[in-house]
Amino acid sequence: MVTRRFKRGVYSLISFVLVLSLLAACSKNNDTPQSQASPSQGASESASPEKLEPLEFTYWAWGDTPPTVADDANDLIAKAVEEKFNLRVKEIYVNNGMSRKERLNLFLSTDSLPDVVFDIGDNTTIPATGKYAELGDLIKQYAPNLMEIYPEEQWKDAMYEGKLYNFPAVTIDGNDPKFINDIYVNPMGNWAGIWVKESDLKSLGYTFTSTKDLAKKVNETQTKPTVDELKIEPAIATPDDFYNFLKKLKQAKPKVDGKDLIPFTIPVYLQPHFGAMFGLTTQWKYDPNSKQVSEFLGDPNAKAYWEYMNKLYSEGLLDKNFAIQKDDQLQENIVQGRVGAFMWAKDIPKVQESITQKDPNDSLRLIPLPKQPGTTFVGIDGVNKATFKFFIRKDFKDIKRLVQLFNWTMSQEYLELITWGPEELGLWELKDGKKVWKDEAFHQAMLTNNADILNEKYYKYGLGLAKVSSKIFAATPTSSVNLWDWKRSYPFEVDPNDVAYFGNFISNEGIQWNGYIGTAVSETSQLAPKYISGEFQQQQSAKLFAARNQEEFDKNWNDIMKAYNSRMKYDDAKKEMEDYFKSIGFEVKQ
């Protein structure tokens, strides 16, 4: 699920930024508050910021950890917003260890709902409180930057009861044809791949272009790697291929430093994602081939997947402790070299470092997630242009001003300011018509992410898109596809140890853009996904992967399915989701 990444912080950028693509046309719309708003929109007294009433807004972020932001006295982005809009971020709320639902209920019970709320993939929960404003008309009037890349005819993915209640942070696929030749825009990563070591692949007879040679070609030609260049031969294309790979690996390398090799491991919470190779999703799925709707255990291929998991586990190919190990334990086993293949690690760069310390010519390598023949792989995470979104309380005093602020954070003016800083800060100069860093030592600090230098000269002032450093950046939609990124002033260069860069070109197939993965539309249709991501994977799945024989497996499967269908109100939920998929234009067969 997309939400798992945010909760676990796997994608550090997306956990606080929202993935918003920006087209060059946005640069013409650097709006500040204009004319007086209607009473329903909230009044702005004047077009001049000094005549606007100073306002503060509170913001509810995602996850449990509040961002570390610049002091108000140093935050140049916040100062710019005060000058243009007379708006300030008063406070940023997080979940404080509660579930999202528990935190929302606490806000409701104390009548303290934040002015602005960020959510992922859920068009329903926040507007269903009745406390948040319908924004469609205001967006059409005061958000030309958003309208440029997200016209009204595309809004269906973001609506609640036929109206737009959120300001989407529009997500654009890095594989979009418009970026095909843009070396600086690359695909988002996902879970759809399995990490192995190149040395293990070589020892078992697989052939491929090494990651180091791939990096050399990218840097020399300034072109992206292709799927063909990233392939291994013979392909590990099916679950059976992967099973045979693990068996060969275990036979070839039974021990590592005197300890048994762990052929394959995953965190317990990635069991559903691993099931994508059998066409399963934790959310609701529309199968474009059968034209049927299902959710994980209700999928026709679900039992086959769990029989496969049981096979890996019973034959010692799947880590016997995977269901109980902590993330730190998993990381340590991988760093020690005891793991042959894995789907996720807490710190991929640290794993890569541990490999190259032993052999500078070795590297991690991501292979595509195998696919079961005859099943429909629709991806792992369903993403649309409005997956990431902001809601505004309908009693906020000047909703229009917030909409205009959100529109401005999508502009060239804002993106250049937060990237380079104001001219008077003295970080950049013009050279051959491009902004470049004045100080080469600072340039190197940016390249190497030198925290000591950047904290003092850059993040301290609320600058940068690589981490949250301004309250404004934390609390507004902004861009990770930045057409004014400082890197564009220099030749593109990828570090050969940046294995995630190459992995993203493989795992991006796990991101589904065509609407085949649907988010629940009610509390009823939320039951099954929440059960799979919670109680089932933590408590019930062991009854399947650890079953001692087929008879025990079948009995446990039947018991789980009986409870799943009744407790999750599966038939009612499925009917709701069938209606949803019909509403967005799909033919549905029941």
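Buried means under 20% relative accessible area, exposed means over 50%, and partly exposed is what falls in between (1.4 Å probe, protein chains only). Keep that handy for the exercises below.

This is a predicted model, in which local features need pLDDT of at least 70 and side-chain atom pairs count only at pLDDT 80 or more, while totals for chains, interfaces and linings use all residues. Residues are numbered from 1 along each chain as its sequence is written, and side-chain values use heavy atoms, with hydrogens and water left out.

**Exercise 1. Find the salt bridge between Asp200 and Lys253, and say whether Asp200 is buried or exposed.**

Step 1: A salt bridge here is a side-chain nitrogen of Lys or Arg within 4 Å of a carboxyl oxygen of Asp or Glu. Asp200 and Lys253 pass, with 3.0 Å from N to O.

Step 2: Now place the two partners. Helices (H or I, at least four residues) and strands (E, at least two) are DSSP runs, numbered from the N terminus. Asp200 sits in helix α6 (residues 198–203) and Lys253 in the loop between α9 (239–252) and β10 (255–256), so the salt bridge ties together parts that are 53 residues apart in sequence.

Step 3: Asp200 has 6% relative accessibility, so Asp200 counts as buried.

**Exercise 2. Work out how α2 and α15 pack, and which residues meet.**

Step 1: Two packed helices are described by the angle between their axes and the distance between the axes. Axes are lines fitted to C-alpha atoms, for helices over the stretch in contact, and angles run from 0 to 180 degrees between N-to-C directions.

Step 2: For α2 and α15 the angle is about 150°, and the axes are 10 Å apart. Angles under 35 degrees count as roughly parallel, over 145 as roughly antiparallel, 65 to 115 as roughly perpendicular and the rest as oblique. That's why α2 and α15 are roughly antiparallel to each other.

Step 3: Look for contacts, meaning heavy atoms within 4.5 Å. On the α2 side you'll find Ile77, Ala80 and Lys84, which meet Glu413, Tyr414, Leu417 and Ile418 of α15.

Step 4: Sort these by class: Ala, Val, Leu, Ile, Met, Phe, Trp, Tyr, Cys and Pro count as nonpolar, Asp, Glu, Lys and Arg as charged, and the others, Gly among them, as polar. The contact of α2 with α15 comes out as five nonpolar, no polar and two charged residues.

Step 5: Lys84 and Glu413 also form a salt bridge, with their closest N and O atoms 3.5 Å apart. This pair links distant parts of the chain, 329 residues apart, with Lys84 in α2 (residues 76–85) and Glu413 in α15 (residues 412–420). Lys84 is buried at 15% relative accessibility, while Glu413 is partly exposed at 33%.

**Exercise 3. Do the same for α20 and α22: which residues meet?**

Step 1: Helix α20 covers residues 523–540 and helix α22 residues 550–567; they pack at about 150°, with axes 11 Å apart. The two are therefore roughly antiparallel to each other.

Step 2: From α20, Leu527, Ala528, Tyr531, Ile532, Glu535, Phe536 and Gln540 meet Ile560, Tyr564 and Arg567 of α22. By class, that contact has seven nonpolar, one polar and two charged residues.

**Exercise 4. How many salt bridges does a search of the whole structure find?**

Step 1: The search finds 29 salt bridges.

Step 2: One to look up is Lys371 with Glu509, at 2.7 Å from N to O. These two are 138 residues apart, Lys371 in the loop between β16 (364–368) and β17 (381–382), Glu509 in the loop between α19 (499–507) and β21 (511–512). Lys371 is partly exposed at 23%, and Glu509 is partly exposed at 33%.

Step 3: There's a network too: salt bridges link Glu56, Asp72, Glu82, Arg88 and Lys471.

**Exercise 5. Which backbone features turn up at Pro234, Phe296 and Asn449?**

Step 1: The peptide bond from Glu233 to Pro234 is cis, with omega near -5°. Pro234 lies in the loop between β9 (232–233) and α9.

Step 2: Phe296 isn't a glycine, yet its phi is positive, about 35°. Find Phe296 in the loop between β14 (293–295) and α11 (302–314), buried at 1% relative accessible area.

Step 3: Asn449, also not a glycine, has a positive phi of about 55°. Asn449 lies in the loop between α16 (440–448) and α17 (451–457) and counts as exposed at 51%.
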